Amino acid sequence: MYVSIVNKSKFGVMVLFIALGFFLQCSNKNNNERIELKTEKLFKEEINKNDIHNAFLSVYSPSLSIEWNFAGGTFQSGETVSTDNPFLTASIGKTFTATTIAQLVEQGSLKFDDPINMYLPDSIMQGLHVYNGVDYSDEITIAHLLQHTSGLPDYFEGETIDGSANMMELLFNEPDRFWQPIETIEFAKTKMQPLFAPGTGFNYTDTEYVLLGLIIEKLSGTNLHSYFEKHFFKPLGMTHTWMYMRSEPLENTSKLAEAFAGDFEVSTITSLSADWAGGGLVSTGSGLIKFQHALFSGKIISAETLETMQNWVPETRGMEYGFGLRKVAFRKLFPTLPDVTIIGHSGSTGSFMFYCPELDVYLAGTLNQTEEVKGSLVIMAKVLALIQKTKRSKS
């Protein structure tokens with residue numbers, strides 16, 4: 001009789017725990033569904049802005065059981081955009097290039113503090129960095145290039161010596177021109193001047209990342225897009241990611257979403273080839289999250305190397321820059337924003353790929369509009385605020 005009562009008691013406790021677990025599971029599912037609906041509403045509000053033609057947003061959190069993918073807008077033809085359509089990722093490509101350098105460091109092929117003249121020919125190094133009459137070319141290190149502290153000018157948006165068009169203007173003036181990487185370096189050397197001695201300031205420049213791309217090709221013995229495909233796209237299942245105008249996706253992929261600079265559609269112009277190791281990738285939101293999650297979970301490089309990549313220097317208010325990574329502290333940007341940070345990268349088309357360590361949330365997507373770069377930060381802040389509020393209420 002005593003044994004029977006004990007067994008019944010144990011059975012009752014077991015049933016209680018099962019019921020409690022089921023209740024919590026249902027509660028979490030309902031909470032996530034509510035946040036997802038609110039996130040979708042925020043996303044639709046962004047799409048309704050006059051200058052946004054299409055947009056994408058992916059949100060992922062393994063610990064919170066979140067995996068949302070949103071797409072909206074239309075092509076100029078009137079066709080509806082879907083989550084299957086890839087988009088230009090712009091400067092998010094810098095994180096891929098920097099991570100490749102980190103892999104080469106782990107393989108022993110180079111060191112972060114190596115001078116770049118160890119890996120680049122004299123034809124590139126000669127007169128690369130002459131500032132106030134002093135040639136600093138041989139003092140530039142790999143780390144300087146990664147962190148935008150070399151002092152080199154930006155061939156894309158920097159000022160030319162004679163006031164002629166920079167590369168950003170030439171994209172529109174010569175839309176049918178295909179640019180080779182070495183041509184962009186020569187453009188910076190002949191048309192522009194360095195801004196400061198290496199290691200004494202910060203200047204965001206794509207010129208540095210073209211040099212990194214050339215170094216990668218020399219040390220790896222293959223071209224950059226092939227390296228990305230072998231070490232990132234294939235092993236991570238990024239089947240709809242490729243280097244624009246230089247390679248193809250691993251599987252049949254829907255057509256590229258249109259990107260805009262104001263009213264001008266830019267995604268089809270050949271001159272975008274000027275954007276190479278600093279941002280020449282095409283991907284989807286889910287594809288970018290696969291990469292970012294692999295990066296922060298130790299599947300691509302070690303935790304120690306990732307920590308080295310997060311050697312921050314000030315970039316602008318609320319933002320710091322590491323090795324191909326940007327850190328944004330929302331509360332420092334504006335006091336009413338959520339008190340969380342995100343680490344990743346953004347692009348000039350309103351593209352973004354970030355991880356929020358405090359909430360364990362990954363965000364990726366684009367507004368596909370150069371005039372909405374700030375808008376991409378706003379929508380990320382709003383989504384994270386929703387998730388943070390829900391986590392606090394549950395605790």
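Start by selecting Gly108, the glycine that comes after helix 2 and has a positive phi, near 85°; helices here are DSSP runs of H or I with at least four residues, strands are runs of E with at least two, and both are numbered from the N terminus. The model is a predicted one, in which local features need pLDDT of at least 70 and side-chain atom pairs count only at pLDDT 80 or more, while totals for chains, interfaces and linings use all residues. Residues are numbered from 1 along each chain as its sequence is written, and side-chain values use heavy atoms, with hydrogens and water left out.

**Helix 2**

Step back from Gly108 and select residues 93–106, which make up helix 2. Its end C-alpha atoms lie 20 Å apart, in agreement with the 20 Å that its 14 residues should span at 1.5 Å a residue, where the expected span is 1.5 Å times one less than the number of residues. Twelve of the 14 residues are buried, so the helix is largely enclosed by the rest of the structure; buried means under 20% relative accessible area, exposed means over 50%, and partly exposed lies in between, with a 1.4 Å probe and protein chains only. The buried set includes Gly93, Lys94 and Thr95, as well as Gln103 and Leu104.

Now pick Val105, in helix 2, which is partly exposed at 22% relative accessible area. Leaving aside neighbours within four places in sequence, Val105 is in contact (heavy atoms within 4.5 Å) with Leu110, Lys111 and Phe112. Add Ile301 to the selection: its C-alpha atom is 9.9 Å from that of Val105, although 196 residues separate the two along the chain.

**Helix 7**

Select residues 206–220 for helix 7, whose 15 residues should span 21 Å at 1.5 Å a residue, which agrees with the 21 Å between its end C-alpha atoms. Eleven of the 15 residues are buried, among them Asp206, Glu208, Tyr209 and Gly213. Showing the surrounding elements brings up what covers these buried residues, including helix 2, helix 6 (181–191), helix 8 (224–236) and strand 11 (319–321).

At the N-terminal end, Thr205 caps helix 7 with a side-chain oxygen 3.0 Å from the backbone nitrogen of Thr207. Following the helix is Gly221, with a positive phi near 75°.

**The loop between helix 4 and helix 5**

Which residue of this loop has a positive phi without being a glycine? It is His148, with phi near 60°, placed in the loop between helix 4 (142–147) and helix 5. His148 is buried, with a relative accessible area of 0%.

Thr160 is found in the loop between helix 4 and helix 5 and counts as buried at 11% relative accessibility. Its side chain reaches the backbone nitrogen of Gly163 at 3.1 Å. Beyond neighbours within four places in sequence, Thr160 is in contact with Ala165, Asn166, Lys191 and Met192.

**Strand 1 and the loop after it**

Ser58 lies in strand 1 and, at 5% relative accessibility, counts as buried. Display the side chains of Ser58 and Asn69 together to see their polar contact at 2.6 Å; such a contact is a pair of N or O atoms within 3.5 Å, where within protein one must be able to donate a hydrogen and the other to accept it, and residues adjacent in sequence count only if both atoms are side-chain atoms. Among the other residues that Ser58 touches, not counting those up to four places away in sequence, are Trp68, Ser286 and Tyr362.

Move on to Ser65, in the loop between strand 1 and strand 2. Ser65 has a positive phi of about 55° although it is not a glycine, and it is exposed, with a relative accessible area of 62%.

**The two pockets**

Finish with Ser91, Phe156, Glu157, Met168 and Ser348, which lie nearest the centre of the largest pocket among its 38 lining residues. A pocket is an open set of points on a 1 Å grid over the protein atoms alone, where a 1.4 Å probe fits, with protein on both sides within 12 Å along at least five of seven lines, and lining residues have an atom within 4 Å of a point. The volume of the largest pocket is about 770 Å³, counted as the space filled by probe spheres set on the points, with grid points joined across faces, edges and corners.

For the second largest pocket, of about 220 Å³, select Thr83, Asp84, His240, Thr284 and Ser286, the residues nearest its centre out of 20 in the lining. Helix 9 gives the most to this lining, with four residues.
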